[in-house]
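Q: Got a minute to go through this one with me? I'd like to start with the odd spots in the backbone and then move on to the sheet and the core.

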Amino acid sequence: MMRFSVDNSEDITIEIKQSVCIGYSGRNKEMVQHHIDELANEGIPAPPEIPMVYPVSNLLVTQEDQIQLLGEKTSGEVEFVLVITPNGNYVTVGSDHTDRSLETISIPYAKQVCPKPVGKAAWPLEELLPHWDELKLKCEIFTQNQWETYQDGSISSVLPVTDILKFASERNRIDQEGTILFCGTVPINGGIFKYADAYRMTLTDPVLNREIQLEYKVVPVEKSDSLLPKEAVK
């Protein structure tokens with residue numbers, strides 16, 4: 001069960017029935033293809049379709065302020081997240097944290113091994129639709145003892161939310177009883193993945209003068225011989 005504060009006046013709760021990441025959801029097809037080409041240079045294969053649906057375990061979605069990970073090449077990226085409930089749809093901010101080294105082998109597996117942090121506040125979707133393209137997404141990373149901007153852009157670079165809802169519905173990826181839908185991100189500054197100790201994600205609504213922020217730390221899982229099969233321990 002997850003709980004979100006709505007406009008600081010009420011709480012909604014959701015029992016997650018389905019969790020999904022929508023990948024390659026950029027509005028500009030040429031930029032999406034450019035991104036795919038960049039990933040190919042990192043050894044990451046192209047998706048079979050665009051956009052692409054990546055189901056993830058419901059257990060991965062978290063509101064904790066730290067996540068534990070194994071490996072040094074994982075990174076988050078800021079996304080707007082739809083919270084689908086029986087009583088309406090809401091929007092929050094989240095991080096599609098992914099194992100980048102594993103992406104070269106399998107993107108679905110890479111997404112499946114990392115927790116997916118989401119914010120603790122949400123806004124009703126209907127309040128945002130009249131000025132949807134004005135919303136902003138920003139990701140800051142904490143590395144070398146300082147914060148730096150990693151992503152900063154307009155939500156208008158992502159497919160319209162109505163298109164994403166239609167796409168996910170056509171592929172039977174929305175359960176109205178409770179769905180968490182990661183919908184897409186904005187470009188990374190410089191186009192190069194960075195691996196940080198902490199992440200700060202912000203969804204800003206400049207029209208209604210408000211923001212939702214998510215901040216979490218990355219804690220390495222301690223490596224030890226006890227994690228290895230006996231035959232592998234020398």
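Q: Where is P51 found?
A: This is a predicted model, to say that up front. P51 is found in the loop between helix 1 (29-41) and strand 4.

Q: And what about the peptide bond from I50 to P51, cis or trans?
A: The bond leading from I50 into P51 is cis, and its omega is near -10°. Most peptide bonds are trans.

Q: OK, on to phi. What is the phi of N145?
A: About 65°, a positive value, although N145 is not a glycine. Most residues other than glycine have a negative phi.

Q: Which loop is N145 in, and is N145 buried or exposed?
A: N145 is in the loop between strand 13 (136-143) and strand 14 (146-154). It's exposed, with a relative accessible area of 71%.

Q: What about N172, what's its phi?
A: Near 55°, so also positive in a residue other than glycine. N172 lies in the loop between helix 5 and strand 15, and with a relative accessible area of 64% N172 counts as exposed, since the cut-off is over 50%.

Q: Switching to the sheet: what's the strand order?
A: The order is 2-1-12-9-8-15-3-4, in an open sheet of 8 strands with mixed pairing.

Q: Which strands stand at the edges?
A: Strand 2 (10-14) and strand 4 (52-56). Each has a single partner strand, so one side of each has no neighbour in the sheet.

Q: How much are neighbouring strands turned against each other?
A: By 30° on average, with direction ignored.

Q: What packs on the sheet?
A: Helix 5 (residues 161-170) does, touching strand 3, strand 4, strand 8 (78-85) and strand 15 (179-182). The direction of helix 5 makes about 60° with that of strand 8.

Q: Back to the strand 4 edge. How many bridges join strand 3 to strand 4?
A: There are 5, with strand 3 (residues 18-23) and strand 4 running antiparallel. One pair to look at is S19, whose bridge partner in strand 4 is V56.

Q: And in what sense do strand 8 and strand 9 pair?
A: Antiparallel, over 8 bridges. A hairpin of 2 residues joins strand 8 to strand 9, and I84 stands opposite N89 in strand 9.

Q: What does strand 9 do on the strand 12 side?
A: Strand 9 pairs with strand 12 (residues 121-124), antiparallel again, over 2 bridges. Y90 stands opposite P124 there.

Q: How many residues of strand 9 are buried?
A: 6 of the 8 residues of strand 9 (residues 88-95), so the rest of the structure largely encloses this strand.

Q: Now the core. How many residues are in the largest nonpolar one?
A: It has 67 residues, and those with the most contacts inside it are F4, F80, L82, W132 and I180. Strand 8 gives the most to this core, with 6 residues.

Q: What is W132 in contact with?
A: F80, V91, L125, I155 and V161, leaving aside neighbours within four places in sequence.

Q: Last one: T74, buried or exposed?
A: Buried, at 6% relative accessibility. T74 lies in strand 7 (residues 74-75).

Q: Which side chain does T74 have a polar contact with?
A: That of H97, at 3.0 Å. Not counting residues up to four places away in sequence, T74 touches several others, including L69, D99, C114 and Y195.

Definitions and conventions:
Residues are numbered from 1 along each chain as its sequence is written. This is a predicted model: local features need pLDDT of at least 70, side-chain atom pairs count only at pLDDT 80 or more; totals for chains, interfaces and linings use all residues. Side-chain values use heavy atoms; hydrogens and water are left out. Two strands pair if DSSP finds at least two bridges between them. Helices (H or I, at least four residues) and strands (E, at least two) are DSSP runs, numbered from the N terminus. Axes are lines fitted to C-alpha atoms, for helices over the stretch in contact, and angles run from 0 to 180 degrees between N-to-C directions. Contact means heavy atoms within 4.5 Å. Buried means under 20% relative accessible area, exposed over 50%, partly exposed in between (1.4 Å probe, protein chains only). A nonpolar core is a set of buried Ala, Val, Leu, Ile, Met, Phe, Trp, Tyr and Cys residues joined through side-chain atoms within 4.5 Å. A polar contact is a pair of N or O atoms within 3.5 Å; within protein, one must be able to donate a hydrogen and the other to accept it, and residues adjacent in sequence count only if both atoms are side-chain atoms.
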